[in-house]
Amino acid sequence: MPELTESAIWQSLNAHYENIRHIHMRDLFEQDPNRFENFSLHINDLLFDFSKNRITKETLNLLIDLANHTGLKDQIEAMFRGDKINITENRPALHTALRRSQQNKTVYVNNEDITPEINRVLDKIEQFCDQIRSGKWRGYSGKKITNIVNIGIGGSDLGPKMVLTALQPYATENIKVHFVSNIDQANLIETISNLAPETTLFIISSKTFTTQETMTNAHSAKQWLMNSAQNTQAISKHFVAISANRAEAINFGIASDNIFEFWDWVGGRYSLWSAIGLSIAISIGFKNFCQLLLGANDIDNHFRLAPFERNIPVIMALLGIWYNNFFNAASHAILPYAHSLRYLSDYLQQCDMESNGKSIDRDGLEVNYETGPIIWGQSGPNGQHAFFQLIHQGTKLVPCDFIAPACNRYDSTEQHAILLSNFLAQPEALMQGQTIEQVKTELNQDDLSITLLHSKTFSGNRPSNSFLFKEVTPKTVGSLIALYEHKTFVQGCIWNINSFDQMGVELGKKLAYALLPELNNNQIIDTHDSSTNGLINYYKKIR
């Protein structure tokens, strides 16, 4: 899309970047006593502070002009309306419909209202949760289910795993949920080694029910059950499926009543709102699962209706474009200061990088600008002792998102205050930095070595956003996820790429299927490049 970079608004942003790139945020804060008020927004109890960014009001106005230039408002409406915005697969992207169906608003796909079908599956999830949690559902030996093993990969694993970890205080004590995703059998074996087949339920989460990693683990799990039960009828008591491919699930042996529908207009990385969230609903209860949906729905309404200058996901996205495309920042760090959110950055890696890791635009043309950044991070306190050195003093500009709850669910107010003091200190340090004069004053010496002096100097002027909310609840977690989903969508719109396919995942899978038979014989292989041939033949030598 050369017209993007050749447009008048892009050129204006380039010129503005040249004017502002040497201005330090310290000076911006000194010049504007109301900077925090001017560059922060609220929704419910969530505060989004974006004042520690290398922007002025002019920057924000120009970025909003960019959003308008790309027709963002119309593209937002097209998504919510159910237009087939996933153009390569000719599908809508209607994960938002999954969290507004309870309001009984009509949403159409191929001229058919999908709301009744969504509500039907939600009702089925509620009934199933009640059976498992109450103990009415019994295994083949008549015992209650005490362990759930979710077998999936990608969005069918990362989403539920992240949410359940975040909401562990809400989990029932009677049922433990485990996740298996890796095709390395160690993942499954280590998970089930301490479980009893007669009290274990497997949830097989696969949109196609053909995903190699998931189905390999599923078949191994079925054999484990059969070794104990010695009766195929036990499968109906210990296996349920979440899939768009009912025929394959039945062929696997899963009872028709144990299949939860999953529609092709729901992308895998946006699927935790669907029946893929069954493990979440069982663990935290259906009412809390509905609160998760409600939190996301609040953000959907905000995203759809708020003007861009007051629209949190839009501003998140525009700031990302500002750094990615004008400051040449290649990555973005997600840093939650909450142990319960420790898998958030892992989850958002897929949400963003699988969505916008594209170099071809929606017109089939190669882009001439940077698209999706590298998303990375981990729990903030751990990161401080790992990679924060690079963020503070390295040569790379790494914009950061700091995320924290004001309260925790435990008794130690003092310990939580220590956590929050670090949450507040890190973005302040990134923004302010530390001058040579400050180092001299701090050490109270005039004859410091040049090396020590400069080693203790921080340039500052490193951007960050801060998210602060009351506590980690189902509703808050739903809101946080939806904010990042919509941020990703906005950036895809502006870059004119399809954020809802993942063609880059397919080639490696295709080659793996072709390679597998070659690994299972003793022949010398010479049909690939020399490196691949050498690796295969050495594997055969040492296996």
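**Questions on a predicted model**

Student: What share of the contacts with a separation of 6 or more comes from residues 24 or more positions apart?
Tutor: The structure is a predicted model. Contacts in the chain with a separation of 6 or more are taken as the whole, and the part sought is that of residues 24 or more positions apart. That part is 73%.

Student: How many helices and how many strands are there in the chain?
Tutor: Helices and strands are counted separately along the chain. There are 13 strands, and the helices number 24.

Student: Why is the chain said to be as compact as a globular protein of that length?
Tutor: For 543 residues the globule rule gives 24 Å. The radius of gyration of the chain is close to this, so the chain is as compact as a globular protein of that length. The C-alpha trace spans about 80 × 60 × 55 Å along its principal axes. The radius of gyration itself is 25 Å.

Student: How many aromatic pairs does a search of the whole structure find, and is the pair of Phe 80 and Phe 303 tilted or edge-to-face?
Tutor: The search finds 28 aromatic pairs. In the pair of Phe 80 and Phe 303, the ring centres are 6.3 Å apart and the planes stand at 45 degrees. An angle over 60 degrees would count as edge-to-face. The planes are at 45 degrees, so the pair is tilted.

Student: How many residues apart in sequence are the parts that this pair ties together?
Tutor: Phe 80 belongs to helix α6 (residues 72-81), while Phe 303 belongs to helix α14 (residues 286-305). Phe 80 is buried at 3% relative accessibility, and Phe 303 is buried with a relative accessible area of 1%. The parts tied together are 223 residues apart.

Student: Is the pair of Phe 209 and Phe 252 tilted or edge-to-face?
Tutor: The ring centres of Phe 209 and Phe 252 are 5.9 Å apart. Phe 209 sits in the loop between β7 (200-205) and α10 (212-229), and Phe 252 in helix α12 (residues 246-252). Both Phe 209 and Phe 252 are buried. The planes are at 85 degrees, so the pair is edge-to-face.

Student: Is Trp 322 buried or exposed?
Tutor: Trp 322 is found in helix α15 (residues 312-326). Its contacts beyond four places in sequence include Leu 13, His 16, Arg 54 and Phe 327. Ring pairs also link Trp 322 into a cluster, with Trp 10 and Tyr 369 among its members. The relative accessibility of Trp 322 is 0%, so this residue counts as buried.

Student: Is Lys 470 buried, partly exposed or exposed?
Tutor: Lys 470 is placed in the loop between β13 (464-469) and α22 (474-495). Beyond four places in sequence, Lys 470 touches Asp 45, Pro 405, Ala 406 and Cys 407. Exposed would need over 50% and buried under 20%. At 48% relative accessibility, Lys 470 is therefore partly exposed.

Student: Which helix holds Ser 156?
Tutor: Ser 156 counts as buried, at 8% relative accessibility. Apart from neighbours within four places in sequence, Ser 156 is in contact with residues including Asn 150, Ser 205 and Ile 276. The helix spans residues 155-166 and is α8.

How values were computed
Residues numbered from 1 in each chain as written. Predicted model: local features only at pLDDT ≥ 70, side-chain atom pairs only at ≥ 80, totals over all residues. Heavy atoms only, no water. Helix = DSSP H or I, 4+ residues; strand = E, 2+ residues; numbered from the N terminus. Rg over C-alpha atoms; globule rule 2.2 N^0.38 Å. Contact = heavy atoms within 4.5 Å. Phe/Tyr/Trp six-rings, centres within 6.5 Å; stacked < 30°, edge-to-face > 60°. Buried < 20%, exposed > 50% of the residue type's maximum accessible area, 1.4 Å probe, protein only.
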